[in-house]
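Here is a walk through one protein model and the ligand it holds. Have the sequence and the 3D view open while you read.

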Amino acid sequence: MTDFTSVKDKVVVITGAADGLGEAIALCFAENGMKVVVSDINAEKGNKVVEIIKSNGGEASFVRADVSNEQDVKEMIDFAVKTYGRLDGLVNNAGIAAANRPTHEYSVSEFDRITAIDLKGVFLGMKFGVEAILKSKSSSGFIINIASMAGLLGNSSMGLYTSAKHGVVGLTKSAALDYAPYNITVNAICPGTFRTSIWGQAPEEHVQEYAKMLSPNGRLGDPKEIGHLALFLASNLARYISGSAISIDAGSSAGKLTPAKWTHPEILD
Ligand SMILES: NC(=O)c1ccc[n+]([C@@H]2O[C@H](COP(=O)([O-])OP(=O)(O)OC[C@H]3O[C@@H](n4cnc5c(N)ncnc54)[C@H](O)[C@@H]3O)[C@@H](O)[C@H]2O)c1
């Protein structure tokens with residue numbers, strides 16, 4: 001079997017799915033026949049994603065949840081099970097960035113906020129999501145945690161985000177071992193630089209400049225590319241992949257770029 005039909009009718013919850021990478025994953029999953037619970041703190045945008053999915057003939061529902069709030073996350077998972085009768089997968093995608101500054105200049109409240117959303121939120125998702133997947137007796141359960149290239153490498157002026165994302169990778173690897181005997185794969189996706197609202201009000205030229213600097217192929221990632229990778233990980237084609245932190249960054253995290261002049265640049269003519 002080399003297509004993605006195995007995902008059809010799987011029930012999945014996606015956090016932070018009202019925008020950006022989460023929205024792209026939701027649209028891609030729904031296009032492939034999955035039943036998608038779109039969750040976010042932004043109900044207006046989340047409901048719009050559901051409308052788009054339904055107008056394209058897919059199946060989706062919205063539930064509001066702040067991933068840093070234990071009760072919200074519990075209710076989000078309960079909602080999925082109540083609505084669709086089971087749970088097969090969870091994408092812990094919701095996350096925020098912190099302002100860039102050297103470590104000693106961050107406040108304790110900034111630390112608490114980013115850790116609560118970017119790390120504790122993933123833990124809470126797994127805490128309640130895994131239980132529901134186990135109770136659903138899913139033969140092909142999956143957890144996908146959206147980490148970051150910052151989950152693999154240090155980043156100057158990004159200590160809080162980077163430490164939270166390293167934590168997500170650590171949770172992913174440990175949970176993969178916990179649940180391998182129970183048919184649940186647990187993987188992290190580590191995106192490089194994608195154009196979403198996480199960049200806030202940063203001017204387009206600034207973002208493009210940043211992408212050129214960070215991305216060896218000189219372009220920003222398209223959120224749809226994250227959707228395709230997530231679809232593969234959710235499908236039965238990927239059942240032997242677990243505990244992996246998969247980079248999707250045009251090679252950015254593969255190593256350092258060293259400038260070298262080609263002896264024969266004419267081969268590109
Ligand atoms: N865009 C990138 O370049 C990039 C790179 C690496 C990693 N990531 C990671 O990808 C994930 C998605 O980022 P994005 O770029 O799509 O961001 P985004 O800002 O476009 O979307 C994030 C979504 O999460 C929601 N959200 C924020 N806080 C929440 C909370 N407490 N509970 C529930 N939902 C909440 C927002 O409302 C929004 O809809 C994040 O975990 C981010 O760290 C993004």
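## Starting in a loop: P102

P102 sits in the loop that links β4 (89-92) to α4 (108-135). Keep in mind that this is a predicted model. With a relative accessibility of 37%, P102 falls in the partly exposed class.

How far is P102 from I53, 49 residues apart along the chain? Their C-alpha atoms are separated by 42 Å.

## C28 and a long jump in sequence

Now for a pair with a big gap in numbering. C28 belongs to helix α1, and with 8% relative accessibility it counts as buried, because the cut-off for that class is under 20%. The C-alpha atoms of C28 and K224 are 7.6 Å apart, although the two positions lie 196 residues apart in chain numbering.

Which residues does C28 touch, once those up to four places away in sequence are set aside? The answer is G227, H228 and L231.

## Around the ligand

The ligand has 28 residues around it, and L21, D40, N93, Y161 and T196 come nearest. Two helices to look at here are α1 (20-31) and α5 (159-179), each of which supplies at least two residues of the shell. C28, from the previous section, is in α1 too.

Some polar contacts can be picked out by atom. Y161 places a polar side-chain atom 2.6 Å from a ligand oxygen. The backbone takes part as well: an N or O backbone atom of V67 is 3.0 Å from a ligand nitrogen, and a polar backbone atom of G192 is 3.5 Å from a ligand oxygen. How much of the ligand does the protein cover? On its own the ligand has 820 Å² of accessible area, and the protein covers 92% of that.

## D40, a buried acid

D40 deserves its own stop. This residue is in strand β2 (residues 35-40) and is among the residues that come nearest to the ligand. D40 is buried but has no salt bridge. Its nearest side chain of opposite charge is R64, 7.8 Å away. That gap rules out a salt bridge between the two, because the pair would have to come within 4 Å.

What does the side chain of D40 reach instead? It gets to the backbone nitrogen of A18, at 3.0 Å. Beyond its neighbours within four places in sequence, D40 has contacts with G16, A17, A18 and D19, and also with F62, V63, R64 and A65. R64 therefore counts as a contact of D40 without being a salt-bridge partner, since contact needs just heavy atoms within 4.5 Å.

## Salt bridges

How many salt bridges does the structure hold? There are ten, and three of them are described here, starting with E44 and K48, whose side chains meet at 3.8 Å, N to O. Both are in helix α2 (residues 43-55), and because they are four residues apart, about one helical turn separates them. E44 is exposed at 60% relative accessibility, while K48 is partly exposed at 47%.

Next come D88 and R86, with an N to O distance of 2.8 Å. Is D88 buried or exposed? D88 is buried, with 5% relative accessibility, whereas R86 is partly exposed at 26%. For E204 and R195, the salt bridge has an N to O distance of 2.7 Å. Here E204 is partly exposed, at 37%, and R195 is partly exposed as well, at 29%.

## Two positive phi angles

Finally, a look at the backbone. D9 is not a glycine, yet its phi is positive, at about 75 degrees. You will find D9 in the segment before β1 (11-14), where it is partly exposed with 40% relative accessibility.

S157 is another residue other than glycine with a positive phi, in this case near 65 degrees. Where is S157 found? S157 lies in the loop between β5 (141-146) and α5, and α5 is one of the helices that supply residues to the ligand shell. At 33% relative accessibility, S157 is partly exposed.

Key
Residues numbered from 1 in each chain as written. Predicted model: local features only at pLDDT ≥ 70, side-chain atom pairs only at ≥ 80, totals over all residues. Heavy atoms only, no water. Buried < 20%, exposed > 50% of the residue type's maximum accessible area, 1.4 Å probe, protein only. Lys, Arg positive; Asp, Glu negative; His and termini not counted. Polar contact = N/O pair within 3.5 Å; in protein donor to acceptor, adjacent residues only side chain to side chain. Near = heavy atom within 4 Å. Areas by Shrake-Rupley, 256 points an atom, 1.4 Å probe, with all protein chains shown as cover.
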